[in-house]
Amino acid sequence: MKGAFLYVDAGKGHYVPAVALADSFERAGHEAVVEDLFVAFKTPFWRWVCKNDWRFCLRHPRFERILHTLTDIRLNYYLIRKEVGFPPGRLKSFVAWFEKEKPDFIVSTNFLGGIILPKILKKT
């Protein structure tokens, strides 16, 4: 069995659990792959945004309260769910990654995976 453990590089908070899960899975005699969600989709812009947004907010906690209050809204969930700003080529990139890795299951340590992956995997 092969598991894919996807994270978003916004710091170590998503990466470390993905690696720990993969290590545990491998110790049980299975295969595992750990990958940045935005690398699998080949979206360097969104990878940069997530990483730098969070690091900026860690340095400026007052802005974090304001920025994330404005962005953690139902409209953004809707836009992410509808893949707004996700060029069709990115979906092909993910499908290519998926076909190359051939995981039996995917675990995402970031909420974004839970929002976008089910819909995309239904298309593959």
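The following numbered points comment on the fold, the aromatic pairs, the salt bridges and the surface of this predicted model.

1. **Overall architecture.** The chain contains 7 helices and 3 strands. Read from the N terminus, these elements follow the order β-α-β-α-α-α-α-α-β-α. When contacts between residues at least 6 apart in sequence are considered, 72% of them join residues at least 24 apart.

2. **Burial and surface.** The chain has 124 residues, and 31% of them count as buried. Its accessible surface amounts to about 7,900 Å². Carbon and sulfur atoms account for 61% of that surface.

3. **Aromatic pair of strand 1 and helix 1.** The count of aromatic pairs comes to 7. One of these is formed by Phe5 and Phe25, with an edge-to-face arrangement, 6.0 Å from centre to centre and 65° between the planes. Because Phe5 belongs to strand 1 (residues 2–7) and Phe25 to helix 1 (residues 15–27), this pair ties together parts that are 20 residues apart in sequence. Phe5 and Phe25 are both buried.

4. **Aromatic cluster and Ser93.** One aromatic cluster is made up of Phe41, Phe94, Trp97 and Phe98. Ser93 is located in helix 6 (residues 88–101). With neighbours within four places in sequence set aside, Ser93 is in contact with Ala40, Phe41 and Lys42; Phe41 is thus a contact of Ser93 and a member of the cluster. The relative accessibility of Ser93 is 13%, so this residue counts as buried.

5. **Salt bridges of Glu101.** The whole structure holds 5 salt bridges. In one of them, the side chains of Glu101 and Lys2 meet at 2.9 Å, N to O. Glu101 lies in helix 6 and Lys2 in strand 1, and the pair therefore ties together parts that are 99 residues apart in sequence. Both Glu101 and Lys2 are buried. Glu101 also meets Lys100 in a salt bridge, at 3.2 Å, N to O. Here the two partners differ in burial: Glu101 has a relative accessible area of 13% and is buried, whereas Lys100, at 63%, is exposed.

6. **Salt bridge of Asp9 and Lys51.** A salt bridge joins Asp9 to Lys51, with 3.1 Å between the closest N and O atoms. This pair links distant parts of the chain, since Asp9 sits in the loop between strand 1 and helix 1 and Lys51 sits in helix 3, 42 residues apart. Asp9 is buried, at a relative accessible area of 12%, while Lys51 is partly exposed, at 24%. Asp9 and Lys51 also belong to a network of salt bridges that includes Asp36 and Arg47.

7. **Nonpolar surface patch.** Which residues form a nonpolar patch on the surface? The patch consists of Phe56, Phe63, Ile66 and Leu67, which together have about 350 Å² of accessible area. Helix 4 (residues 61–71) provides the largest share of the patch, with 3 residues. Phe56, by contrast, lies in helix 3 (residues 44–59). The relative accessibility of Phe56 is 32%, so this residue counts as partly exposed.

8. **Points to view together.** Strand 1 takes part in two of the pairings described above, through Phe5 with Phe25 of helix 1 and through Lys2 with Glu101 of helix 6. Helix 3 holds Lys51, the salt-bridge partner of Asp9, as well as Phe56, a member of the nonpolar patch.

Methods: Residues are numbered from 1 along each chain as its sequence is written. This is a predicted model: local features need pLDDT of at least 70, side-chain atom pairs count only at pLDDT 80 or more; totals for chains, interfaces and linings use all residues. Side-chain values use heavy atoms; hydrogens and water are left out. Patches are made of residues with over 30% relative accessible area and no salt bridge: like charges are joined within 9 Å, nonpolar side chains (Val, Leu, Ile, Met, Phe, Trp, Tyr) within 5 Å. Accessible areas come from the Shrake-Rupley method with a 1.4 Å probe; for residues, only the protein chains shown count as cover. A salt bridge is a side-chain nitrogen of Lys or Arg within 4 Å of a carboxyl oxygen of Asp or Glu. Helices (H or I, at least four residues) and strands (E, at least two) are DSSP runs, numbered from the N terminus. Buried means under 20% relative accessible area, exposed over 50%, partly exposed in between (1.4 Å probe, protein chains only). Contact means heavy atoms within 4.5 Å. Rings of Phe, Tyr and Trp (its six-membered ring) pair if their centres lie within 6.5 Å; planes under 30 degrees apart count as stacked, over 60 as edge-to-face and the rest as tilted.
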